[in-house]
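Visitor: I would like a close look at one part of this model. Please start with a single chain, and then show me how to read the rest with care.

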Amino acid sequence: MFGDYSLGDLGAIFAMQGFAGLILFSVYVLMALGLAIIFGQMGVINMAHGEFMILGAYMTYLCSTFFQSYLPALFPGYFFLAMVLAFCASGALGMLVELALIRHLYKRPLDTLLATWGLSLILQQAYRSIFGAREVGVELPTWLIGSVQVTESIEIPINGLFVMAVTTLITVGVALLIYRSRFGQQVRAVMANRPMAGAVGIDTEKVDRYTFGLGCGIAGVAGSAFTMIGSTGPTSGQLYIVDTFLIVVFGGAASLLGTIASAFSISQTQSTLEFFLSGSMAKVLTLLAVVGILMLRPQGLFTLKVRR
Amino acid sequence: MADGDHDLNRGLRSPLRRKLLMGLAAAPALSLLPRNAFAAGPATSAVSTTGLAVTDTEVTCGILHSITGTMAISETGAQQAEKLAIAQINEAGGILGRKIKIIQEDGASDWPTFAEKAKKLLVNDKCAAVMGCWTSASRKAVLPVFEQYNGLLYYPTFYEGLEQSKNVFYTGQEATQQILAGLDWVHKEKGGDTFFFVGSDYIWPRTSNKIARKHVENVLKGKVVGEEYFPLGHTQFNSVINKIKLTKPKVIFTDVVGGSNVAFYKQLKASGIDLSKQVLLTISVTEDEIDGIGGDNIAGAYSCMKYFQSIENDNNKKFVADFKKMWGEKTVIGDVTQAAYLGPYLWKMACEKAGSFDVDKVVAASPDLEFKGAPEGYVRIDPNHHLWSKTRVGKAKPDGQFEIVYTSPELIKPDPFPKGYQ
Amino acid sequence: MKNPVQTLTKSVTVNDNPFMKPIEWLSLALLALVLLVVLPSLLDAFRLNLVGKYLTYAFVALGLVICWGYAGILSLGQGCFFGLGGYCMAMYLKLEASSVANTKIQSTPGIPDFMDWNQITELPWFWKPFQSLPLTLILVVAVPVLFAFAISAAMFKRRVGGTYFAIITQAIAAILTILIVGQQGYTGGINGITDLRTLHGWDIRTDSAHTILYFVNGGLLLGCILIAQFVKKSKLGRILVAMRDKEDRVRFSGYSVAGFKVFAFCLAAAFAAIGGAMFTLQVGFMSPSFVGIVPSIEMVIYAAVGGRMSLFGAVWGTLLVNWAKTSFSESFPDLWLFGLGALFIAVVLAFPNGLAGIWREHIEPRLTRRVKGLRAPPPAIVPHGAPAE
């Protein structure tokens, strides 16, 4: 299929394809990071993860309409405020959910699955009642639209670069928070051994609540960022859920590094396959490969050795 | 826009509102008419001999669309248009002196539910006709029911063709009607000789692209440089966009649907492909879809449909005004909405020509019926139950409307089983 | 009552002797009475056909009781097996409906219409077996069971369990849906396999056929309940429960844990497949919308509402949820999704044993007391209250 193209063309395409893979990688990391905390660290199967993302997307939509009508001068910068708001809204809802629902279910992980599925139905219907069944169009500031011309034939989408930057920032932030801060220490202690952590004076309930809120908040930021590349509608969240869970499981649930590695391998596989095969088959083959590897190596790519 | 939808949906779903719509769609208007407006019709025994729900003053018509579930977004416009048409018909005296009574059922975006509700409308409610369905899958699910119980279905969506049933009238375009004129136009006006096809992975895009490919290769002597399908709901299109950049087609031809549509155009725009320079012809974007995509993201693309809200003629001006009056100023009207509006009128005219509501007689009276009052202009029913209609090409504008750049000079004959395209 | 599961473990282990307790015979008789006598005499053909459709989901719920309730394996991919069973049946019916005489207008007569549209000129090899009815009936169960075996053997041998298994089965359901939709030349794509008419020459679209199929369906369901009851009462059932509660101890006692789990999963797949085949027969088509994640999870909720440990509960739960869905979604489409969501949460938080739990705690003790009268001392009433900890 490459016979007809010049070397320069091919070079440009491979460069752009490499970037497409990196963008997909950032999208996957951003999607999976919140879940990696919730599922990986806490063992809660949050089927409403997609709906928390869409909450962030709707916050962005509200922000954009607000700025457009009342503060048009500040419109170019609204996206940053929107992301902060998305984090707060999703995080607050997450803590509320933890308080009302999840904390009763820590010993029954499979039941969290059912309860959060119910929660996702309720949230979907709530979005539909509030924002309408149609997808909403989020207006973007002009500086986020378009692409950077690197060479004559290589163009990189700006929103892709933006997603990559956001992903990097959040990943570093989460890593610092979990592995370098006092709060992170407590989180890890509670996850490793709950009674013992309680015995040394850690307020385990509070740690649970903040951890869950943190995971949901990151989902909200992801949703906010995705308004640039995807659709925002009541059921859009469901599009992400299978991919997200597979990434986290494939990475080995308890490890952030694993999540990143698995997002990288899955995104590269998919974007390469998509280039050489047709879209549907690429998706099927990627998922099959992941499921196949998981059957052979159920602990995922990276695992922590923990005593059960 | 969202607020408008919100009110609309709430209004539709409130039981009271629905009940009002059911029987009394045109009650306020009716009260203004002289009382004997409905008394003029012929005797019931003369117009109904097969046990349909026809009384001296009323005839029952079913509406079967998804009010809930993922398809509700798309099907809202169609059922609004049908209700508008029925209200107008009632206002003008009904059919054969009988007011149309609506029974509405929710298909809930679920194909067995469509079949179940279709059966209810035909068996329990004895509807004389049913306006409904949107997706091919729902139509395929109800088709055996309509054939078994000899019902009458008016189906509004443009679709892949390959079907013709005695019991169904297709008021949207079949694939060759919609696509070929658009391809000819883009070939002639934009010098389109190389094409890249991008579609969602299901029957309509695949069949449409098959027809388009045959036309490009055999008639236009052009070349298809790529053909790609993505699962419904897919949101990552960067790889295919790179392929498009690599193959440099003159024309990108798309039939992506649903949430994927939004993602595709956003990413296309972000990747630096400028739709004012790159020709893009789509058969899946109407005014309804632009709402979600955002006018800025798709401005400059060409869409190939039989109807656009911006058509300039008196029928359409009145239709748009009436539609907005009934359903709100912010609603937009797409191709399918207009096609749905034709259904009740075509049924009325066939009944009046046959002098009966009996399905067999209505079906027999339908071929060659002409409807001059259609918003899209003059249409005619072909003996194969599809409509003769014109095809138009519109250029998307940032405000979400289309500027019509081409209208086929003649009505195009519907050909659901096109020879040489299979 | 610390753990919802413990009381039941007790009731299983305490009662060593009979195949079914009197109260269970009573439940069975009640169910049979309602399904085979009361509903057919009360409902018209149309509604009865609807109930018949709901009951096909009950097969899946029944399988889930065994594999989730007893063996502790939650599968989010039961739609796969339901769909595979349904597709197997649909392939046979479609071939019968696509006789050369019926498909004269096609360029290749004698093959299903959707193949003709996709330029397939010859019947693919995997459709060939479905020209024979006996072979089809075998394949309806065999294909899903083999598929289940392939999935579960690999995973249970490597001790994948719990949440991981649930997520992997969910991914498998997603893959299967994309495959079926994508390979439309062979599968009918998103429209599914439609316009099915006759079963071995017998028109399945008539009211009388629907009624007969309803009774066949009801009979098969009762049969499956008895099989499940047999499994539950046998030593196997007790090993399953033991495994769920302390897998390692069972393993240390010398049992092959993986083998038992594979069996439970395959049994559930077989039940689901029978349900799928009966669905196709009664509804008249099969489409990929029953294979995916959403229907699979909905079927789990049927089992959960009925009571994940109760075979009869599974049937009642399925009927109740579907009845509510049909009647509420007609009048209050908005409220319905809120209601369904709340139902999931309520079942998990407040009634982990579902309808069966309510029956067992509130109705059964009173009934037993009434029956036994004064001849025996009243049985200890299980203390109720919030069953969750």
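Guide: Chain A comes first, then the two other chains in turn.

The model is predicted: local features need pLDDT of at least 70, side-chain atom pairs count only at pLDDT 80 or more, and totals for chains, interfaces and linings use all residues. Residue numbers start from 1 along each chain as its sequence is written, while chains are lettered from A and ligands numbered from 1 in the order in which they are written.

Look at chain A. It has 11 helices and 2 strands. Helices (H or I, at least four residues) and strands (E, at least two) are DSSP runs, numbered from the N terminus. Along the sequence of chain A, the order is α-α-α-α-β-β-α-α-α-α-α-α-α. The radius of gyration of chain A, taken over C-alpha atoms, is 20 Å; that is close to the 19 Å from the globule rule for 308 residues, so chain A is as compact as a globular protein of that length. The globule rule is 2.2 Å times the number of residues to the power 0.38. The C-alpha trace of chain A spans about 70 × 55 × 35 Å along its principal axes.

Now go inside. Of the 308 residues of chain A, 57% count as buried. Buried means that 20 or more other C-beta atoms lie within 10 Å of the residue's own, exposed means 12 or fewer, and partly exposed is in between; C-beta atoms are placed from the backbone. Contacts need C-beta atoms, placed from the backbone, within 7 Å. Take the contacts in chain A between residues at least 6 apart in sequence: 77% join residues at least 24 apart.

Chain B is divided into domain 1 (2-173 + 311-388) and domain 2 (175-305 + 391-407). These bounds come from an automatic or database domain assignment. The C-alpha centres of the two domains of chain B lie 31 Å apart. Their contact takes 15 residues from domain 1 of chain B and 15 residues from domain 2 of chain B.

Finish with confidence. pLDDT is the predictor's confidence in each residue, from 0 to 100. Chain C averages 85, and 90% of its residues score at least 70. In chain C, helix H4 (residues 78-97) has the highest mean, 95, and helix H1 (residues 4-14) the lowest, 46. Over residues 1-15 of chain C, pLDDT stays under 50. Residues 376-389 of chain C also stay under 50. Where pLDDT is low, the predicted coordinates should not be read in detail. The model scores ipTM 0.85 and pTM 0.85.

Methods:
Contact = placed C-beta atoms within 7 Å.
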